[in-house]
Amino acid sequence: MKRLFSPERQLGYRILRWVLFTAFFAGGIIGAVQIYLDAQRVSQELDERANQTLALVREASAQAVYSLDNDLARQVIDGLFAQDQIRYGAIKHNDGTPLAERRRDATPSSYRHITDAIFDSTRRYQVPLMRSAPEPAQYGQLVLEIDTIYAAELWQERAALIMVFGIARAFIIGLVLYLVYYLLVSRPLGSITRALAAVNPAEPGRHLIKTPPGHHRDELDTWVQATNELLLSIADVQQKHQAAQDHISRLSHYDSLTGLPNREMFLHILNNAMKKVHRQRPLLAVFCCGLDDFKAINEQYGYMAGDKLLKDIAARLQSHRVQATMSAGRLGADQFVVTQEHLQGEDEAKATARWLLETISRPVRIDGHELSLTATLGIALFPNDSHEADRLLQQSEQSMTLAKIQGHNHYQFYVASVDQAIRDRKQLERDLEEALPHQQFHLVYQPQIDLQNRRVIGVEALLRWYHPSRGMVPPDEFIPLAESNNTIIEIGYWVLHEACRQARLWLDEGHQLRMSVNLSPVQLRQDNIVPMIMGILASHQLPPHCLELEVTETSFMHNLDDAIGKLSLLRDQGLRIAVDDFGTGYSSLTYLKRLPVHHLKIDKQFIQDLLINEEDTQIANTIIDLGSSLNLQVIAEGVETEEQSVYLAQRGCQLAQGYFFSRPIEPANIPPFLRDFVQTTAQGSELL
Ligand code: C2E
Ligand code: MG
Ligand code: MG
C-alpha cells in the first residue's frame with residue numbers, strides 16, 4: 001500500500017515521542033526530589049552518628065581531662081579512629097591545648113567535587129567535657145571531625161540507581177502507552193484510512209468502510225458510520241448529477257420533440273458508420289428527407305397537429321431502425337435524415353428511397369383530420385460522393401433542395417453539378433426578389449381550343465421572367481423557388497391583375513375569352529385569397545365567369561376542407577375552377593366529388609405519348625371518362641400533333657391546348673391568332 005505519511009509525521013510516533021519526553025522529564029524531576037530528600041536524610045544521619053559517637057566517649061574523655069590522664073585521652077582518641085570516617089579527634093583543655101589529638105588525611109574519591117558541595121568535605125562537632133563532682137564544672141572539650149565521603153558515596157550510588165530506575169520506568173510506561181495507542185487507535189485508523197483510500201471516487205457508494213474489529217459503538221465506529229453515510233450521500237448526489245448530465249446530454253444531442261438524434265449527433269453516428277465499411281457491401285447512403293410544404297400543415301391545423309405528425313413520421317422512420325443498418329435523425333423543422341449502411345449498389349439505395357417516400361407519405365389521423373405529407377429526398381453516397389460525414393450530409397441536403405425545385409415526392413442522387421446548382425439557386429433566389437420591382441415579368445397566353453367546333457374559347461396566362469443577364473428563365477425553375485420563399489404571393493397577385501387587365505382589354509375589343517390563371521397552393525392557403533381575387537375582378541370590371549383558376553392537386557392535399565371552402569366561395573361568385581396536371585398527383589375520387597370543379601386538365605405527360613404508350617393512352621382515356629361521368633369538361637394540355645387532337649376529339653375530350661394549335665404567345669399576337677385560327681378552321685372545314 002502507498003505510505004500516506006512520513007514516519008515522523010505518524011501520530012503513533014509523535015505520541016511516543018511526547019510520552020517518552022514527558023516520562024523522562026517527570027521521572028527526572030521525581031528522581032531529583034527523591035535524591036534531594038535522601039541527601040537530607042544522609043546529612044541528618046551523619047550528624048546523629050557523630051553525636052552518638054561523641055556521647056559514647058564523652059564520659060571517658062571528661063575523666064581523662066579531669067585527671068589529666070594522657071594515656072586515657074589517647075586511648076579514647078585512638079578508639080574513635082577505629083571508625084574510618086573520623087578524620088580528626090581531640091580532647092582539649094579549656095584553654096584549647098590538646099590533651100590528646102589525632103588527624104588523618106581525607107579519603108580520596110572522584111565524587112568529592114559533587115558530594116563536598118552537598119555535604120561539605122568534613123563536619124566538625126564539639127562537646128564540652130563536664131564533671132559534676134566534686135563540683136560541677138567544665139574541664140575541657142571534645143572535638144571531632146568527620147569525613148562525609150563514606151556516607152556521600154553510598155548516597156551517590158543510591159541516587160544513580162534512583163535515576164536509572166526512574167528513567168527505565170518512564171521508558172517502559174512510554175512503550176506500553178505507545179503499544180496501547182497503536183492497538184487501539186493507530187492500527188484501526190490505518191485500516192480505515194486504507195479502506196478510504198481504496199474507495200473509487202467514481203462509485204463511492206460501492207464499497208463501504210468496515211468498522212475495525214473490537215471498535216463497535218466507540219468513537220471510531222461512529223466515525224466510520226458517519227463516513228459511510230457521507231459516501232452514500234456523495235454517491236446519491238453523483239447519481240443525480242449523472243442523471244442531470246445525461247438529461248442535458250440528451251437535450252443537446254437529441255431532438256426534444258421526436259427523440260431522434262440531432263444534426264451533431266447524427267454526424268457522429270454517420271462518422272462511426274463510415275468507419276465500419278463492409279468489404280462486399282461498401283456503400284453507405286445518406287437520405288435527406290425534406291417534407292414538402294410542412295408549413296402548410298402548421299398554418300392550417302396548428303403547431304400541435306404539426307408536431308404530432310412529425311412525431312409520427314419520426315416513429316415510422318425509427319421503426320425501420322430494427323434493421324441494424326439504418327439510423328434516422330432530425331436536421332431541422334421539416335427535415336429528417338436517414339443513413340443506410342452496407343449497400344451493394346445504387347439500386348438498393350433507390351429501393352430505400354422509394355420505401356422512405358411511401359413511409360413518410362402514409363396518411364395519419366390527427367385530431368379528427370386525415371393528414372399526410374410527401375417528402376422529397378436528396379441522396380449522397382459514401383465513398384462515391386465524399387469521404388467526410390459533414391460533406392456527405394451537406395450533399396444530401398443540397399440534392400434535396402434541388403430536387404424540390406423539380407417537384408415534390410421524388411428523390412435525387414447527388415451529382416457534382418449540385419454544388420454549382422445550389423450557388424446558382426441562391427443567386428436566382430436573390431434575383432427573383434428583384435424581378436417584380438424591376439418589371440422583369442410579363443405574361444404570355446396559350447389559346448385553349450374547343451375540339452368540337454374548333455373555336456378558341458380561352459387562353460391560359462403563363463408567366464415569363466426575362467432575367468437581365470440569364471435571359472428567359474423557365475417558370476418550372478423559378479415558380480417552385482418563389483413558392484418556397486413565398487414571393488409567389490406577390491408575384492401571383494401581379495399575374496392575376498395583369499391577366500384580368502388583359503382579359504378586360506380583349507373583351508373591350510370584342511374577344512370573349514376565358515382567362516385561365518395558374519394559382520399556386522401557397523396562394524390558395526392565404527386567408528384573404530377570395531376577397532383579394534374578387535377585388536381584382538372588380539377593379540378591372542371583369543365578369544367573374546371570364547376568370548378560371550387552375551389549381552393543382554397539391555393544393556387540396558393538406559387541408560381539403562379549407563380548399564373546398566375557398567374554391568366553393570369563388571365558384572359561387574361565378575368563377576371557374578380547373579384541376580391542373582390531373583393524373584400526376586393523388587387523383588382521388590373522394591376529393592374530386594367534393595370539389596367545386598369545372599375542368600380537369602390532363603397533364604401533358606400523358607398526351608405526349610398518346611397513341612405511342614399504351615399506359616399513357618389508358619390514363620388519358622380514364623380521365624376523359626371520369627370527366628364525363630362527373631360532368632366535368634376535360635382539357636388536354638400539351639397537344640402537339642394532329643393525330644393527338646383528332647384522337648382526343650373522337651374520344652370525347654372537349655378542350656385542348658398545345659403547340660399543335662399555338663405556343664404561348666405575346667398578348668399582341670392573340671387577336672391576329674384568333675382571326676387566323678378561325679380562317680384556317682373555316683378553310684379546313686371547307687376542304688372537308
Ligand atoms: P401548366 O400550368 O401545366 O402550364 C402548361 C405548361 O405546358 C406551360 O409551360 C406551357 O408552355 C406548356 N405547354 C403547352 N403546350 C405544350 C405542348 O404542346 N408541348 C409542350 N411540351 N409543352 C406545352 P410553362 O409556361 O413553362 O409553364 C410551366 C408551369 O409553370 C405551368 O404549368 C404552371 O404550373 C407554372 N406556371 C406558369 N405560369 C404561372 C403563373 O402565373 N402562376 C403559377 N402559379 N404558376 C405558373
Ligand atoms: Mg396551368
Ligand atoms: Mg399543366
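Reader: Are Glu460 and Glu550 buried or exposed?
Author: Keep in mind that this is a predicted model. A residue counts as buried when its relative accessible area is under 20%. By that yardstick, Glu460 and Glu550 are both buried.

Reader: Which residues coordinate the magnesium ion (ligand 2)?
Author: The donor atoms sit 2.0 to 2.2 Å from the ion. Along the chain they follow the spacing E-x57-N-x31-E-x29-D. Put names to those letters and you get Glu460 (OE), Asn518 (OD1), Glu550 (OE) and Asp580 (OD).

Reader: How many residues apart in sequence are the parts that the pair Glu460 and Glu550 ties together?
Author: Both residues coordinate the magnesium ion (ligand 2). Glu460 lies in strand 13 and Glu550 in strand 16 (residues 547-552), so the pair ties together parts whose separation in sequence is 90 residues.

Reader: What are the protein donors of the magnesium ion (ligand 3)?
Author: Here the spacing along the chain reads D-D-x55-E. The donors lie 2.0 to 2.8 Å from the ion, and Glu637 is listed with two OE entries. Spelled out, they are Asp580 (OD), Asp581 (OD), Glu637 (OE) and Glu637 (OE).

Reader: Which residue bridges the magnesium ion (ligand 3) and the magnesium ion (ligand 2)?
Author: The two ions are 4.1 Å apart. One residue turns up among the donors of ligand 2 and also among those of ligand 3. That bridging residue is Asp580.

Reader: Where do Asp580 and Glu637 lie, and how many residues apart are they?
Author: Both are donors of the magnesium ion (ligand 3). Asp580 is in strand 17 and Glu637 in strand 19 (residues 633-637), so this pair links distant parts of the chain, and each counts as buried, at 7% for Asp580 and 8% for Glu637. Along the sequence, they are 57 residues apart.

Reader: Which residues come nearest to ligand 1?
Author: There are 23 residues around ligand 1. They divide into eight nonpolar, six polar and nine charged. The ones that come nearest are Gln446, Asn518, Asp580, Glu640 and Tyr659.

Reader: How much of ligand 1 does the protein bury?
Author: Start with some polar side-chain atoms by its oxygen atoms: one of Arg464 lies 3.0 Å away, one of Lys604 3.2 Å and one of Glu637 3.3 Å. Taken alone, ligand 1 exposes 780 Å². Of that area, the protein buries 89%.

Reader: Which element gives the most residues to the shell around ligand 1?
Author: The elements giving two or more residues are strand 13 (455-467), helix 12 (475-484), strand 17 (576-582) and helix 19 (604-608). With four residues, the one that gives the most is strand 13.

Reader: Is His540 buried or exposed?
Author: His540 sits in the loop between helix 15 (529-539) and strand 16. Its relative accessible area is 16%, and the cut-off for buried is under 20%. So His540 is buried.

Reader: How many Å apart in space are His540 and Ile619?
Author: In sequence, these two are 79 residues apart. Going C-alpha to C-alpha, the distance between them is 39 Å.

Reader: What separates the centres of domain 2 and domain 3?
Author: The domain assignment gives domain 1 (11-160), domain 2 (205-251), domain 3 (263-415) and domain 4 (429-687). Taken over C-alpha atoms, the centres of domain 2 and domain 3 are separated by 47 Å.

Notes:
Residues numbered from 1 in each chain as written. Chains lettered and ligands numbered in written order. Predicted model: local features only at pLDDT ≥ 70, side-chain atom pairs only at ≥ 80, totals over all residues. Heavy atoms only, no water. Near = heavy atom within 4 Å. Polar contact = N/O pair within 3.5 Å; in protein donor to acceptor, adjacent residues only side chain to side chain. Areas by Shrake-Rupley, 256 points an atom, 1.4 Å probe, with all protein chains shown as cover. Nonpolar A, V, L, I, M, F, W, Y, C, P; charged D, E, K, R; others polar. Donors = N, O, S within 2.8 Å, 3.2 Å for Na, K, Ca; no water. Buried < 20%, exposed > 50% of the residue type's maximum accessible area, 1.4 Å probe, protein only. Domains from an automatic or database assignment.
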